[in-house]
Structures are given as structure tokens and as C-alpha cells.
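Please open the structure in a viewer and keep the selection panel at hand. The tour below proceeds from stop to stop, stating what to select and what is found there.

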Amino acid sequence: MNRNKLFFLTLSLFLTSSIAFCQDTIQPKMSLAQNAEYFSKGIENKYNENYDVAIECFENALKAFPEDHASMYELSALYAKKGLQEKGFEMIENAVALDSTNKWYQIRLADFYKQSYDYESFVNIYSKLLENEPNNLEYLEVYIDALLHLERHEELIEKLNVFEDNVGVNEYLSMMKIEIYNMLGDGDNVIKELEKLSNAFPYETRYLSMLAEVYNQSGREKDAYEKYLEIKELNPEDPYINTSLLEYYQKQGELDKAFEEFVLSIKNKNLDYNTKLQIYEYWFNDREDNENTIREAEVAGKTFIEVHPDKELGYYVIGTVHYNNEDYAEAKRYYSEAVARDSSSFMSWYQLIITDLELNAVEDLYEHTVKAQRFYPEQPLFYLFNGLALIDMKRYEEAIKVLEKGRFMSADKKLTADFDTYIADVYHELGNKEMMYKYYDRVLKNNPENVYVLNNYAYFLSVDGARLEDALKMSAITIEKEPKNVTFLDTYAWVLYKLGRYKEAKKWMEKVFSYDKNAGGVNYEHYGDILYKLGEKDKAVQNWKKAKKLGDASEFIEQKIKDEEIYE
């Protein structure tokens, strides 16, 4: 071969190999530089919250160097932030595949598993992390949370104990373990945990209260009682210690001690007022109505007034004590104090109005029912009582309007019947018999055995001499229901009289006198009229004279006596 040709061939091969070497070595160096530049710009834009630009930078960094797991890590978070979960998950998986020793990659991958509720994979990652850092409390906390979701209770208890060994006994860990033990039905370990917690914090009465409650639930009342006494010694003003002891003494049958704790609970300034109301209802619920209960109610009422003078309950209670003792004037005074403190209290208004009725205080009844209607404009009872006041005041037209309004609001058949009855009575006072009978018919349509209406209806028909057979049937129902009611007996006798059945009328009228030794003037006048029709004029006049003396007789009584003759 020509020597010069060989030289040029060798030179050519050398130059070719040098160029190939540059391509193999220099080009990667240029890509890594670009990668580093794009990665740096990506970090800068991420911190400036230019997330779209940051994503583009990290993607370019990967193009420059496809095995850049750091850019994959950054992109996983940015994709997730944009809602591109699958791309984010793919990125972090690739990063972990390239560098499985990086704990931050592992944590990010675990977070993706958690977001997709794959707690098994999440736990697997943190199990490995905890192998390297068994006392890492942050790892333990999220690991425990995942175990809760997986309901791996025994392993969870184990990890909680590790956590506790590191941070010490505390409420958060103990409550979590107690919750698990409760789910497992492991009452013994519940008690052990609470005992450990209360021993660790001996001055925390809340833990003692919880322990006492668990003792009670497990039948260890004596142990619970000892804890209650510890609480009372440590903090006599603990808001719930009195109620706890109240229940304990009540279960033991030590009612005097229980009542002492009941009174102390009312006096306890740390116990809220609404809870005290509940305790009051609890104590007096289903109690027998006897002297001891009245005495306790009086003590409770006075204590409420002493501790909460601005609240209604104490005055209401003392008012009711006086009401039950038929001391209506004092009852009214306390009920007035009650509504002055709480004008929204239905029961206080109701009792005040009932007391007005007992005292026959018509003006006060009217005033109080008007005020009660302002607070309870849709409560028909207050319209009923207001109507009664107006009837007593002989303001009949107003009474009808009020009673009709209340009747419209009533959804109770019995109450509606009361409205109809009183409206009928008002129409009787106004002399409007047609409307009176209309309302009586309304009552009897819903309740055919309403004895009050049946009696009045029958009597007024007899006075009018109308529909006497109907009147007799109505009256017969009343004496069947109440055979010793002298008013009903008098009506029945009088209907028989109007029918001309005088002998029967005499027999039934004499029953009135046998049942009522203090019969009224109207009874003796009716009896005299019956005797007159039977030809016993002298006896008739004697009964008329007695009727005049007693009062409550008809306008014809003097004429009857003078002329010894019947006038109707």
C-alpha cells in the first residue's frame, strides 16, 4: 500500500473516532447542563406559584435527562395540584423505581395511595419507613390512622403503645385505645387505660369522672363511689360531681343523701342553668304527690330563687306549692313573679290564670289572658279563659268573638266542645235560643254523651215546652251516667213534670232531697209545683215558702205563695 495512503487512512480513522468520542461524551454533558437549568427554573416558578410554567420547566428537564427522578418527584405534586392524579401517580412511581432509598419519594407515593383509599399499600410503605426510624412520631401518627381504616386493631394497639413510650401517657392516645377496646368489647383494658390515665394525672377530675362512670357500668359501684369522693375533695365545685353522687345515692336507696346532692347541684355555680332544669325534672319525675315531695319541692324552689333570682323556675315551684295548699293568693303572687322573669313560660301563664279562676278574680283573669295571648297568639286555651272572663263581665258580644276565634284555632275535640258549650251559654244569656241549640247540637254531634250539655239542653227544652220526649231522652242519659247528681235529677224530674207525669216526677225529685241535705230554692219550688199538680196544695205552698227563703227561685214565687196558685 502506498505509504501516504496509509497515513491518510490512519488519520481519517483517528479523526472519526475523536468526533464519535465527542458525540458520546460532550453531548450528555450538554444535556445535564440543560437539565439542571430547567430544574432550577422549575423550582423558582413553583415557589412563585407559576405552576404551569414550572410544569413546563420540569418536563423539559426530563427531556434533557429522562432519568431525572427529582423532576419526576416535583411533577408528581404539580400534576396532582392540577387534578391530573394519574399522571402524578405515574411520575412518583417512576421516581421510586429509579431511587427506592429516598424516603421523600416513598412518602409522596404513600400519599397517592391514601388519596385513592389504598391503605394496604400505604401501610406497606410506612412499615418500611418505620423499620429505619421506629421512633419517628410523625410516621407513627399517619401509620396509626391507616391502621384504623384497615381495622387492624391489635397491630394498632401495639403502635399506640410505641407512640406512648416515646411521648408519655396522654389523653389522645389513651382515648384512642379506649375506643378500640370498646369496639372489641374488652372492658378490662378500658378500665386499665383509664386507671393509667388518672394515675398519670391525679389532679385531673375529668379522668376520675370517666373512670367512675366505667366502674358503674361494670357493676363496681363502690369503686365508683370512692372516685366520686376523690373528685369532691379535689374540686367541690366540679359541675357534675353532685349529680353523680345524686344518682349513686338514689340507686343505693339513700334518698336523704341523694336529695342533699340534688340541692347542692342547684347551688353549684359551675353547673349551667339548663342542666339544673333537667336535674329538677329528673328528681321530681314520677314522684308520689305526698307531704315529703311537697317539702322537697319547696326547698328546691327556694334554692332556685336564692341562686337564680332572675330565673322563672323557683317562683313557679313555690307558687305551685302554695297552689297545692289552696293558698291561692300566695300562689298568684309567685306566679306573677314567674311570668315577670319569663313571659314566654306557658306553664307560668297557665297557672297564674287558673289561680285567677280559683280566686274568682275576673278583672285580673281578663288582663292576664289578654297578655298571655300576646305571647301565645295561637294558643286556644287563653282565648277560652279570656271568653270566660268576658262572660262574667257580661260583655257577651265580645265573648262570642273571642270564643269563636279560639274555637277556630282548636285542634282538640274536647277543647272545641268546651268552646261550643260556652258559646251556647252566651247565646242563652242573649236570649238567642236558635243559636244556643245550634251550638249544643255541635257538641253532641262529636260527643253524644256530654252530660253537661245534655242536661242544659234538656232543661231549656223543658222550660220552652218543646221537644219534651227528646229532652227526656237527653236527661235520662245524664242520670244514667251520674245517678246521684242532684242537678241532673232535678232536670229529669222537671221534664217529667212538663210531660204531665207528675207521680214519676215526684219520685225523682224526692231523690234530690235524699242525696242533698242542702238542696236549693229552685229544687223546692219545682217540688212544690209537682205537689200542686198532684193536689197537695198545702205541701206545695210550704215548699214554695222554703224556696223563697233559700233564694234562687223564679220571679213568680211570691205570687204563687200569695194566691196558692201555679204561675209559669
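In which loop is the place of Pro 448? Select Pro 448: its place is in the loop between helix H24 (433-446) and H25. Before the tour continues, please note that this is a predicted model.

**Pro 448 and its surroundings**

Keep Pro 448 selected and add Leu 454 and Ile 477. Neighbours within four places in sequence aside, these two residues are the ones in contact with Pro 448. Ile 477 stands 29 residues from Pro 448 in sequence, and the two C-alpha atoms are 9.4 Å apart in space.

**Confidence along the chain**

Next, colour the protein chain by pLDDT. The mean is 88, and 95% of the residues reach 70 or more. Residues 1-28 have a pLDDT below 50, and this stretch has four contacts in the model beyond near neighbours in sequence. Where pLDDT is low, the predicted coordinates should not be read in detail.

**The largest pocket**

Select Tyr 459, Val 522, Glu 525, His 526 and Ser 554. Among the 21 residues lining the largest pocket, these are the closest to its centre. The volume of this pocket is about 490 Å³. Now display helix H25 (451-464), helix H27 (486-498) and helix H29 (521-533), each of which supplies at least two residues of the lining. How do the residues of this lining divide into nonpolar, polar and charged? Eight are nonpolar, four are polar and nine are charged.

**The second largest pocket**

Move on to the second largest pocket, with a volume of about 290 Å³. It is lined by 15 residues, of which Ser 209, Glu 213, Tyr 228, Tyr 240 and Ser 244 are the closest to its centre. Two or more lining residues come from each of helix H11 (205-217), helix H12 (221-234) and helix H13 (241-251). Which element gives the most to this lining? H11 does, with five residues. The lining of the second largest pocket comprises five nonpolar, four polar and six charged residues.

**The nonpolar cores**

Select Tyr 440 and Trp 544. In the largest nonpolar core, which has 81 residues, these two touch the most other members. H27 gives the most to this core, with nine residues. Then centre the view on Tyr 440 alone. Neighbours within four places in sequence aside, Tyr 440 is in contact with Thr 421, Ala 424, Asp 425, Val 453, Asn 456, Tyr 457 and Phe 460. Apart from the largest core lies another, of 75 residues, including Tyr 79, Tyr 113, Ile 191 and Val 321.

**Two buried residues in helices**

Select Tyr 143, in helix H7 (residues 137-150). Is Tyr 143 buried or exposed? Its relative accessibility is 2%, and Tyr 143 therefore counts as buried. Beyond neighbours within four places in sequence, Tyr 143 is in contact with Val 123, Tyr 126, Ser 127, Leu 130, Glu 155 and Lys 159. For a sense of distance, add Ala 331: the C-alpha atoms of Tyr 143 and Ala 331 are 66 Å apart, with their positions 188 residues apart in sequence counted as separation.

Now select Gln 351, found in helix H19 (residues 346-359). Gln 351 counts as buried because its relative accessibility is 12%, the limit for buried being under 20%. Which residues are in contact with Gln 351, leaving aside its neighbours within four places in sequence? They are Tyr 316, Tyr 323 and Tyr 335.

**Positive phi in two loops**

Most residues other than glycine have a negative phi. Select Lys 394, in the loop between helix H21 (380-392) and helix H22 (396-409). Lys 394 is not a glycine, although its phi is positive, at about 60°. With 60% relative accessibility, Lys 394 counts as exposed.

Then select Arg 467, in the loop between H25 and helix H26 (468-481). Arg 467 has a positive phi as well, near 45°. Its relative accessible area is 41%, so Arg 467 is partly exposed.

**Last stop: Lys 413**

Finally, select Lys 413, in helix H23 (residues 413-429). Lys 413 counts as exposed, at 64% relative accessibility. Add Val 53 to the selection: 360 residues separate Val 53 and Lys 413 along the chain, and their C-alpha atoms are 77 Å apart.

Technical notes: Residues are numbered from 1 along each chain as its sequence is written. This is a predicted model: local features need pLDDT of at least 70, side-chain atom pairs count only at pLDDT 80 or more; totals for chains, interfaces and linings use all residues. Side-chain values use heavy atoms; hydrogens and water are left out. pLDDT is the predictor's confidence in each residue, from 0 to 100. Contact means heavy atoms within 4.5 Å. On a 1 Å grid over the protein atoms alone, a cavity is a set of points where a 1.4 Å probe fits but cannot get out, and a pocket is an open set with protein on both sides within 12 Å along at least five of seven lines; lining residues have an atom within 4 Å of a point. Grid points are joined across faces, edges and corners, and a volume is the space filled by probe spheres set on the points. Helices (H or I, at least four residues) and strands (E, at least two) are DSSP runs, numbered from the N terminus. Ala, Val, Leu, Ile, Met, Phe, Trp, Tyr, Cys and Pro count as nonpolar, Asp, Glu, Lys and Arg as charged, and the others, Gly among them, as polar. A nonpolar core is a set of buried Ala, Val, Leu, Ile, Met, Phe, Trp, Tyr and Cys residues joined through side-chain atoms within 4.5 Å. Buried means under 20% relative accessible area, exposed over 50%, partly exposed in between (1.4 Å probe, protein chains only).
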